Structure formats: C-alpha cells, structure tokens
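Here is a short note to go with your first look at this protein. Please keep the sequence and the 3D view open beside it while you read.

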Amino acid sequence: MERKKFLVVTAGGMGTRMGGPVPKQFMELEGKPILRLTIERFLEAEPDLQVITVLPETHISTWRQYCLQADFRCPQRLVKGGFTRFHSVKNALEFVPDGALVAVHDGVRPLLSIAKIQELFSVAQTVPALIPVMPVTDTLKVLEKKADGTLAATGEPIDRSRIFGAQTPQIFYSEGLKQAYTQGFDTLFTDDASVAERYGIPLTFIEGERFNIKITTPEDLILAKAIIQSRPE
C-alpha cells in the first residue's frame, strides 16, 4: 500500500546573507515569493501532497495574509520555526503521522524539476531514507588556520570522485525520522540525513539535479532568474 505524502518546507530562517528588507523566502522571483514557487512546484508534481510550512514566528501572519490576498490556494499547516533548523523540523514532525512519507525541503530551492520530484517520491516508497546528491566538481583542499590567521595546506589528498554534496528534498519513512528526532541536538546535525544516520537509519542515495540550488545570496537570485528564463517548461 502506498504511503501518504507529506512535505515539510523549511523556511524558518531570517536570511541575513541575502541582505534584503525581508527574509529571502519572501523575496520575489519572476513575480512570486520564492517560497510560493517552491510549494507550487511540489504540488504540481504531487497534487495530493500535504504541506507543512515552517516559518519565523514573526512572519506567520504575514505569509497567511499574502496567501489570502494573492489567492494562493494551498491548504497548509503553518508551524513556528525553532532555534535551529533541527528544532524547526522537529516542530513540524509533530503534525506528521506514522506510516507516511515525509519529504523535508528547503523553502528557497524552487528550481527542482517536476520529473525529479516525482521520481524521488516513487523511489522513496521502497527505502526508509532517500537523499539526492550531486558530485562535487571543484578541486578540494584540506587547510588549517595558522596562528597569524593565514591558511596552510595539510597535504592530505582528497579523491574528488568520492565526494558528493547533499541536496533536498530528503525523504523518509515518517515513523523513522520522528524517532531520529527524539535525539538531543548536535551541531553536527547539518541536515535530516545526518540526524537519521546517527540514529541508525540506512540511507539510500540518488542523483539530484545541478540546478536544484539553494538561494541564499543576491548572486544566487540572479542565477535562479537565468535558469527559469532558459527553461522550456
């Protein structure tokens, strides 16, 4: 029996690196807030998806008002963000039942293709944790900071062919992820996969998409506009 699908959209940050008058998730891209574009993308791919949106407490009423005024008809549960991303996701998981699939996705990643979203949810029905990744293409260096503040090479070799960067959505059997989030917070929990792995949940990896970028700087916003304008869909 196919599991019901839930989407936790993490948009609880204030986006200080973007430097705009509002948090980055509310900045407009092609005439719409980035957060709206992200949610719409997923609903177009999976219309039966149940959406949980995590927001800064001070902006929940702002988002609710926007949805009403802009006629953005997306049934969604709005959840207050926590002190860290870990705490924000933990808050959202309180509203996800056992026996479901739960995808956790950055609210400022609006460019994932519909085909890839559908593929991820299909594969995730068969594995307890599915993580999209992309190979790292930059040359990597292991450096250490010296007393005078400069950086020096350690001489440690890095096999770039074995290094991958994790993306979202990361999709889990809900009962497993909820149990993983009963662990105490650790600064090494940089994404949901790291929380699940610490708890002992086996991870399955799948190729993501190069243009599934996280918009965090003004330069990212320029790149995202170019990507959207170049797409045939």
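Two strands are said to pair if DSSP finds at least two bridges between them. With that in mind, here are some points to follow in the view; please remember that this is a predicted model.

1. **A strand and its antiparallel partners.** A good place to begin is strand β7, residues 129–135. Strand β11, residues 170–173, runs antiparallel to β7, and two bridges join them. To find this pairing in the view, look for A129, which stands opposite F172 in β11. Strand β10, residues 164–166, is also antiparallel to β7, this time with three bridges. Here P135 stands opposite F164 in β10.

2. **A parallel partner.** β7 also pairs with strand β12, residues 204–207, in the parallel sense and over four bridges. In this pairing, P132 stands opposite I206 of β12.

3. **Cover over β7.** Is this strand mostly covered or mostly open? Six of the seven residues of β7 are buried, so "mostly covered" is the right description, given that buried means under 20% relative accessible area.

4. **A cis peptide bond.** Between β10 and β11 there is a loop, and P169 is found in it. Do stop at this residue: the peptide bond from T168 to P169 is cis, with omega near 10 degrees.

5. **Two residues with positive phi.** Which residue in the loop between β2 (28–29) and β3 (32–33) deserves a look? That would be E30, which is not a glycine and yet has a positive phi of about 55 degrees. E30 counts as partly exposed because its relative accessibility is 44%, between the limits of 20% and 50%. D71 lies in another loop, the one between α2 (60–69) and β5 (76–80). Its phi is near 55 degrees, a positive value in a residue other than glycine. With a relative accessibility of 45%, D71 counts as partly exposed.

6. **A buried valine in a helix.** Helix α6 spans residues 192–199 and contains V195. Why does V195 count as buried? The reason is its relative accessibility of 1%, where buried means under 20%. Leaving aside residues up to four places away in sequence, V195 touches F86, A180, Y181, Q183 and F189. Take F86 from that list: V195 and F86 are 109 residues apart in sequence, while their C-alpha atoms are 8.6 Å apart in space.

7. **The whole chain.** Stepping back, the protein has seven helices and twelve strands. Its radius of gyration is 18 Å, close to the 17 Å that the globule rule gives for 233 residues, so the protein is as compact as a globular protein of that length. The C-alpha trace spans about 55 × 40 × 40 Å along its principal axes. Of the contacts between residues at least 6 apart in sequence, 73% join residues at least 24 apart.

8. **Burial, surface and charge.** How much of the protein is buried? Buried residues account for 48% of the 233. The area exposed by the protein is about 12,400 Å², with carbon and sulfur atoms supplying 52% of it. As for charge, there are 27 positive and 28 negative charges, and their mean positions lie 2 Å apart.

Terms used. Residues numbered from 1 in each chain as written. Predicted model: local features only at pLDDT ≥ 70, side-chain atom pairs only at ≥ 80, totals over all residues. Heavy atoms only, no water. Rg over C-alpha atoms; globule rule 2.2 N^0.38 Å. Buried < 20%, exposed > 50% of the residue type's maximum accessible area, 1.4 Å probe, protein only. Contact = heavy atoms within 4.5 Å. Areas by Shrake-Rupley, 256 points an atom, 1.4 Å probe, with all protein chains shown as cover. Lys, Arg positive; Asp, Glu negative; His and termini not counted. Charge placed at Lys NZ, Arg CZ, Asp CG, Glu CD.
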